[in-house]
Amino acid sequence: MLTNNFKYYLSYFSIILFGFLQAQNSASGRIIDEKTNAPVTGVAIFINDSNTPYTTTSSGNFSIQSDTIIYKLKFQKKNYAVESINISPESFQDLVIKMSAEKVSNIEAVVIHNERPKFKNKKENPAYAIMQKVWERKRNNGLDKFDTYTYKEYEKIQFDANNLDSAFMKRKIFNKLEFIFDYKDSTASGKIGLPVFLNEAIYENYGENKPSKRTKRLLVAQKTSGFQDNQIITLTAKNLYRDINIYDNTLNYFDIGFPSPAGETGFSTYDYNLVDTISIRGEKAFKIRYQPKRTEVLAFQGYLYIDTDSYAVLGAILKSTQKINVNFINGISTELEYDNPDENTFLPRKFVTEIEMTPFSKKKTSKSIIAKRSVDYSEYQFNKPLEDNVFKRKEEEYDDKFVDKDDAYWLKARPDSLSKSEQGIYDMLDKLQQTPKFNRIVKLYETLGSGYYNVVKGIDLGPIFSIYGKNEVEGDRIRLGARTYFTRNDPWRVQFYTAYGFKDQQVKYGAEARFMFNRVNRFTIGAGTRRDILQLGVQLTNDDGIMARTFASSTLFARGENASLSSVNQTNVFTAIEPWKNFQIRLDGTMQSIKSANPSEFNLMYYKDGNLRQTTNDSHITLSLIARPGAKFSQTGIDRYEHGTLAPTIVLKYTRGIEGLFGSDFNYNKLQFMFYKPILIGSWGKLLLNFEAGKNFDTVPLALQNVIPGNQSYSLAQNTFAQLNYYEFVADTYTTLHLEHHFNGKILSYIPLIKKLKLREIAFIRGAYGTLSDASKAINVAGFKYSAPSEHIYYEYGVGIENIGFGNLRIFRVDFNWRGNYLDRPDISTFGIKAGFQVGF
């Protein structure tokens, strides 16, 4: 969910990127000898700062057409001096290049550098001996050795639009917004950069290792250019970055694993070369250059600075290769500085990371956004007594005004003063918010980003992407909804929708209200009701939320006919609280009636006390324990924006059905468990693990039974079985396991020609085992049709290709699925293809 201020920022960001689409990208002229005026042929022409010639002339004339901005040309030929000229929209045609003969006397010396010295074996490489000492004396973060610790953290995040030119600034989209270019920067290379966003933050960090392990990171001051109500903007920006330890074998960028050059497995990925011995902050250090053995892999190149006495890492420079295969990313650069208080530990000193982002070309000269984050660590104190109160969450910490500080505070708090361009960002974005054209663009972006259209203050219509759907029962379906929305931190929210099916000619509806009393422990109550047509059985560990609708209820294209839809009339009340951070206790009370929405094709009838019934009446309470250790959220209101992390999800649920309560037909007990975790496996990519288990301890009809989730659509659906039909397997007791590994192109990068497509491979296997009692079969009229995967573990396997697209926009994925067993069943599909969009790095 995007907040108002986030929409301002994203809209501004999109305006800059939209202007990147056109630029000066051609040049032409002739090349002559300065003395004779004769045409010069065989001249290598380089574009901008490239080290690879774009073309070599065969005549005295040249004409260049590039897909990137041309701001400089370099001309080079043996026995001639190198000539360079700057290109502008006013000067790019009919150029005359005069080449002059190079004088031998001007060449003082020729130095040949062997960039990648070859050794018979790694033991002959002096850098290997040094790195062995680093690994033997691998250091740990010094914060872990003290009983208590505190330190201060100053963080600065800046976004700059990069590689701009005068033609770009004259685009129509910037009409009435021209003043933003008064804040541009010009570099020595002729490039133009425009600062677009700046955030500063001060944190106080507290930690305790003994007697118990506790930490707290308290935001005490924050200042953001242009937007005062800014938390989601800044945390979204910060979500680009991860904490890294140079000694780890794998470094996490965008939740993708990069091999660390200082890790113990570094020599399997990198070549090392001892370059020099230099002084780093008064300490003598080895300077070691490293580079990947294969440029197609996700790896870095750069330098390590190793103390000559202690073999501690004093600093490191990490730069991505030109062939980095990460969506929306053209390059990554990180500089690390460490202090080493003793022979076993290190302390972070300063980290600076730059990320170049663009949805277009991978070329260096492409217009892009440079996101730079610098963090200074200071004022370390150790073994100082800390009161218990320090680690408690307090109400005032969640107040919007808590982090407001005046200019005098910031002048004192900053380690270094702001540059002129950084100071100008605050003024520029304040002016933008007063511009009507910019605000209109904001509203458009707001609608596309959030899926809701704001009609009046506090009221949004939507979600717009759910307006149309289609299924066997309703035919074409129209859904209209609305919600209250005043600020990103609203403590309450009311939502409703109404829908109409043109085939069944029935009106459906849903409404829900939620209110949060306390921002610290997030004590919340809510209630809702709905009457709708739903596809049950596509999720095992589900919730009782009223507003949710499954993918299978409105599938436009599917394999086979799906008639197994249910008519659900449901009312839910709940309360939830987080007694500890990222640990929620939730209690739901639900009353519902369920019957088949298509009785002629899908039978939900069952026997109760010898009587045949078509409607299942159910009242139950559900106690859920939900742990999300390490998860990060942006907002403090009723709805929160969760950032991508490697945090696991752990859910334990107990459901108790109560016969007789509001006409309920059944007493039953159900226990369910779910564990989900993304896991980085070094340079081999990322594994997604999802395990679920559950048991119904009592006999219940099909409407309340555990259904192994199938997927008859042609779209991707997480944690479902692609080759199962809906309701094909039903179980009193079940376990399922989904393993999906993303190799990040490691295998395909070895295949000639294919590797140029930058595709990434996926492999997966899914399994389910369960049992279904005779009593559970007998209770249903059509019970003989249903069975559990009890003879063997049902399994599927397959491979997928992701990162399909062009340039930096590669968000399409295709999966190829095979059914492993239970092949003798009627109306099954043994092979299937699923496809969909997968937006991510």
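## Exercises on cavities and a buried loop residue

By class, 6 nonpolar, 3 polar and 3 charged residues line the largest cavity. The model is predicted: local features need pLDDT of at least 70, side-chain atom pairs count only at pLDDT 80 or more, and totals for chains, interfaces and linings use all residues. Residues are numbered from 1 along each chain as its sequence is written, and side-chain values use heavy atoms, without hydrogens or water.

**Exercise 1.** State how much space lies in the largest cavity, and which elements give two or more residues to its lining.

Step 1. A cavity is a set of points on a 1 Å grid over the protein atoms alone where a 1.4 Å probe fits but cannot get out; lining residues have an atom within 4 Å of a point.

Step 2. The largest cavity holds about 130 Å³ of space, the volume being that filled by probe spheres set on the points, which are joined across faces, edges and corners.

Step 3. The elements sought are strands S13 (250–253), S19 (329–339), S20 (345–357) and S21 (368–382); strands are DSSP runs (E, at least two residues) numbered from the N terminus.

**Exercise 2.** Decide whether Asn 489 is buried or exposed, and place it in the chain.

Step 1. Asn 489 is found in the loop between strand S25 (475–485) and strand S26 (492–501).

Step 2. Buried means under 20% relative accessible area, exposed over 50% (1.4 Å probe, protein chains only). Asn 489 has 4% relative accessibility, so it counts as buried.

Step 3. A polar atom of the Asn 489 side chain lies 3.3 Å from the backbone nitrogen of Gly 637.

Note on methods
Helices (H or I, at least four residues) and strands (E, at least two) are DSSP runs, numbered from the N terminus. A polar contact is a pair of N or O atoms within 3.5 Å; within protein, one must be able to donate a hydrogen and the other to accept it, and residues adjacent in sequence count only if both atoms are side-chain atoms. On a 1 Å grid over the protein atoms alone, a cavity is a set of points where a 1.4 Å probe fits but cannot get out, and a pocket is an open set with protein on both sides within 12 Å along at least five of seven lines; lining residues have an atom within 4 Å of a point. Ala, Val, Leu, Ile, Met, Phe, Trp, Tyr, Cys and Pro count as nonpolar, Asp, Glu, Lys and Arg as charged, and the others, Gly among them, as polar.
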